[in-house]
Amino acid sequence: MARRKLRDASPLAPKARLPYSEAMSKNPDILVVGAGAAGLSAGIALAKAGHSVVVAGQVETRQTARTVALFDASLGFYESIGLLGEIEARGAPLEVMRIVDDTGSLFRLPQRDFVANEIGLDAFGFNIENHDLIGLLVDAAHAAPGLTLVEGRLDHFRFDETEASGRLDNGERVAARLIIAADGRRSAVRDAAGIEVTETAYPQTALTALLSHTRPHREISTEFHTRAGPFTLVPLPARDGDPNRSSLVWMMKPAEAERLAALPEMDLARAIEKQAHSMLGKMRLTGPCGLFPMGLMQAKRLTGDRVALVGDAAHSFPPIGAQGLNLGLRDVGHLVETTNGKSDPGDSAVLEDYSQRRNADIRLRTSGVDLLNRSLLTQFLPVDFLRGAGLLALSGFGPLRRAIMREGVAPSGRTPAMMRREAQWANKL
Ligand SMILES: Cc1cc2nc3c(=O)[nH]c(=O)nc-3n(C[C@H](O)[C@H](O)[C@H](O)COP(=O)(O)OP(=O)(O)OC[C@H]3O[C@@H](n4cnc5c(N)ncnc54)[C@H](O)[C@@H]3O)c2cc1C
């Protein structure tokens with residue numbers, strides 16, 4: 001990964017309204033429901049692979065207080081669809097991942113640093129604002145031959161042996177050989193296909209914010225493990241005259257999150273600075289904060305008749321270790337590979353292949369995040385000890401630490417060809 005100098009990239013202004021197109025194919029090979037990061041990424045990659053695709057959903061163009069850290073395999077995905085340079089230009093590299101045990105536990109660990117250089121990389125990945133990523137994807141979707149992007153919701157889904165369809169909110173019905181459910185955690189497609197989920201609500205809300213601060217982050221992402229959940233500061237690039245910027249995800253009890261979010265901005269900034277032990281100096285919020293209730297959800301099946309789930313429609317969990325979209329893009333990468341060259345991308349054998357490839361990865365990430373989150377919330381000493389011992393073992397023992405770092409950025413197992421960055425990893429594993 002070439003080291004890039006941070007530069008003042010101006011925010012994108014994606015095209016807001018996308019009218020129904022007269023030229024839109026009402027019978028594409030593939031209908032993607034949901035125009036979030038997973039849906040747009042799927043639409044572009046599948047269209048580039050030669051399928052005719054309609055992506056339908058509401059495009060979120062507002063600047064939110066959210067960013068996404070994209071790791072190596074995800075960068076490989078975006079390299080394959082020609083967006084890596086733009087992502088690197090608008091994001092900040094993550095060179096060090098620091099874990100600070102702020103639980104006050106008897107078995108408190110010393111600060112641990114995971115350094116990208118140790119596994120031969122300049123950076124583990126890049127952190128980019130959500131609306132910048134969506135803006136890039138919308139522009140790429142407009143430019144992709146074979147892809148029509150339609151703004152609007154779909155409902156009244158139908159699935160049978162030969163095709164699946166959904167109704168646009170102008171009353172038109174779009175039918176395809178395959179529907180990809182990329183419509184998020186509360187997926188209506190998943191419900192209509194009769195796919196059940198297992199779900200757990202956590203007693204936590206994530207407060208998010210974009211911050212300007214007086215000290216540089218030095219490309220270090222810092223995760224403080226507190227009793228209420230992680231408090232994570234992730235580097236952002238300089239912008240709009242702010243040389244030092246970071247994003248915050250702070251998990252805590254819902255009532256406390258509500259209380260903090262209602263504070264005047266300066267008081268909230270002071271509370272954030274205090275929680276960060278003034279590590280980045282004085283803080284200032286550069287926009288409104290966001291609140292996200294935390295929970296864990298996993299679909300019991302990834303496929304049904306002529307339907308495949310990707311992204312948060314298939315799995316969703318708290319933002320610990322920045323796994324959510326990275327996992328969702330691996331869903332998309334495998335779907336691109338399993339449908340590649342198939343005249344019928346919704347054929348049951350294709351969907352079975354997709355399902356088999358994805359189950360283990362999804363189960364592993366979901367249970368790993370669940371375990372770590374629960375171990376933070378408990379005050380039970382033996383659990384504290386095990387969490388401390390586990391982190392100590394993986395951070396203190398070089399080969400294990402490096403294996404874990406590699407697993408975090410480029411998971412083992414079958415990685416879809418379009419997500420592999422052989423040149424990047426050559427001679428480094
Ligand atoms: C605070 C926070 C921080 C995070 N940080 C990271 C990180 O650093 N790295 C990482 O990898 N992940 C991170 N995640 C997770 C990541 O944001 C999600 O996994 C990702 O955004 C999911 O994208 P998606 O496209 O699957 O779903 P969504 O973003 O939920 O998009 C679904 C889309 O479908 C649309 N839709 C819904 N119903 C319909 C319908 N009936 N018809 C048409 N459209 C419909 C919605 O309007 C929406 O646009 C974070 C999450 C949170 C909450």
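## Strands, sheets and a ligand shell

Leu211 stands opposite Leu285 in S17, a pairing that makes a handy starting point for a walk through this model. The structure is predicted, with local features requiring pLDDT of at least 70 and side-chain atom pairs counting only at pLDDT 80 or more, while totals for chains, interfaces and linings use all residues. Residues are numbered from 1 along each chain as its sequence is written, and side-chain values use heavy atoms, leaving out hydrogens and water.

Strands here (E, at least two residues) and helices (H or I, at least four) are DSSP runs numbered from the N terminus. Two strands pair if DSSP finds at least two bridges between them.

### Strand S13 and its partners

Leu211 sits within the span of strand S13, residues 197-213. S13 pairs with S17 (residues 283-285) in the antiparallel sense, over three bridges. Nine bridges, again antiparallel, link S13 to strand S18 (residues 290-299), and there Glu199 has Met297 as its bridge partner. With strand S16 (residues 245-252), S13 shares eight antiparallel bridges; Thr208 is matched with Val249 in S16. In general, strands of a sheet pair through backbone hydrogen bonds, either parallel or antiparallel.

### A six-strand sheet and a three-strand sheet

Next comes an open sheet of six strands with mixed pairing, in the order S8-S2-S1-S12-S20-S19. Its edge strands, S8 (147-151) and S19 (303-304), each pair on one side only. Inside this sheet, strand S1 (residues 30-33) runs parallel to S2, joined by four bridges, and Val33 stands opposite Ala56 in S2. Helix H1 lies across S1, S2, S8 and strand S12 (178-181), and runs at about 170° to S2. Axes are lines fitted to C-alpha atoms, for helices over the stretch in contact (heavy atoms within 4.5 Å), and angles run from 0 to 180 degrees between N-to-C directions.

Another open sheet has three antiparallel strands in the order S9-S10-S11. Strands S9 (154-159) and S11 (173-176) are the edges, each pairing on one side only. From one strand to the next, the twist averages 20°. S9 and strand S10 (residues 164-168) are antiparallel, joined by four bridges, with Leu154 and Leu168 as bridge partners. S10 and S11 are likewise antiparallel and share four bridges; Ser165 is partnered by Ala175. These two strands form a hairpin with four residues between them, and Gly171 in the turn has a positive phi of about 95°.

### Around the ligand

Which residues are closest to the ligand? They are Arg66, Ala69, Asp312, Leu325 and Asn326, in a shell of 27 residues; a residue counts as near if one of its heavy atoms lies within 4 Å. The shell divides into 11 nonpolar, 12 polar and four charged residues, where Ala, Val, Leu, Ile, Met, Phe, Trp, Tyr, Cys and Pro count as nonpolar, Asp, Glu, Lys and Arg as charged, and the others, Gly among them, as polar. Helix H1 (37-48), strand S2 (53-57), strand S3 (67-71) and helix H8 (324-339) each supply at least two residues of it.

The table lists distances between N or O atoms of the protein and ligand atoms; a polar contact is a pair of N or O atoms within 3.5 Å.

| Residue and atom | Ligand atom | Distance |
|---|---|---|
| Arg66, polar side-chain atom | oxygen | 2.7 Å |
| Asp312, side-chain N or O atom | oxygen | 2.7 Å |
| Gly324, backbone N or O atom | nitrogen | 3.5 Å |

Taken alone, the ligand exposes 1000 Å², and the protein buries 84% of that, with accessible areas from the Shrake-Rupley method and a 1.4 Å probe.

Conventions:
Polar contact = N/O pair within 3.5 Å; in protein donor to acceptor, adjacent residues only side chain to side chain.
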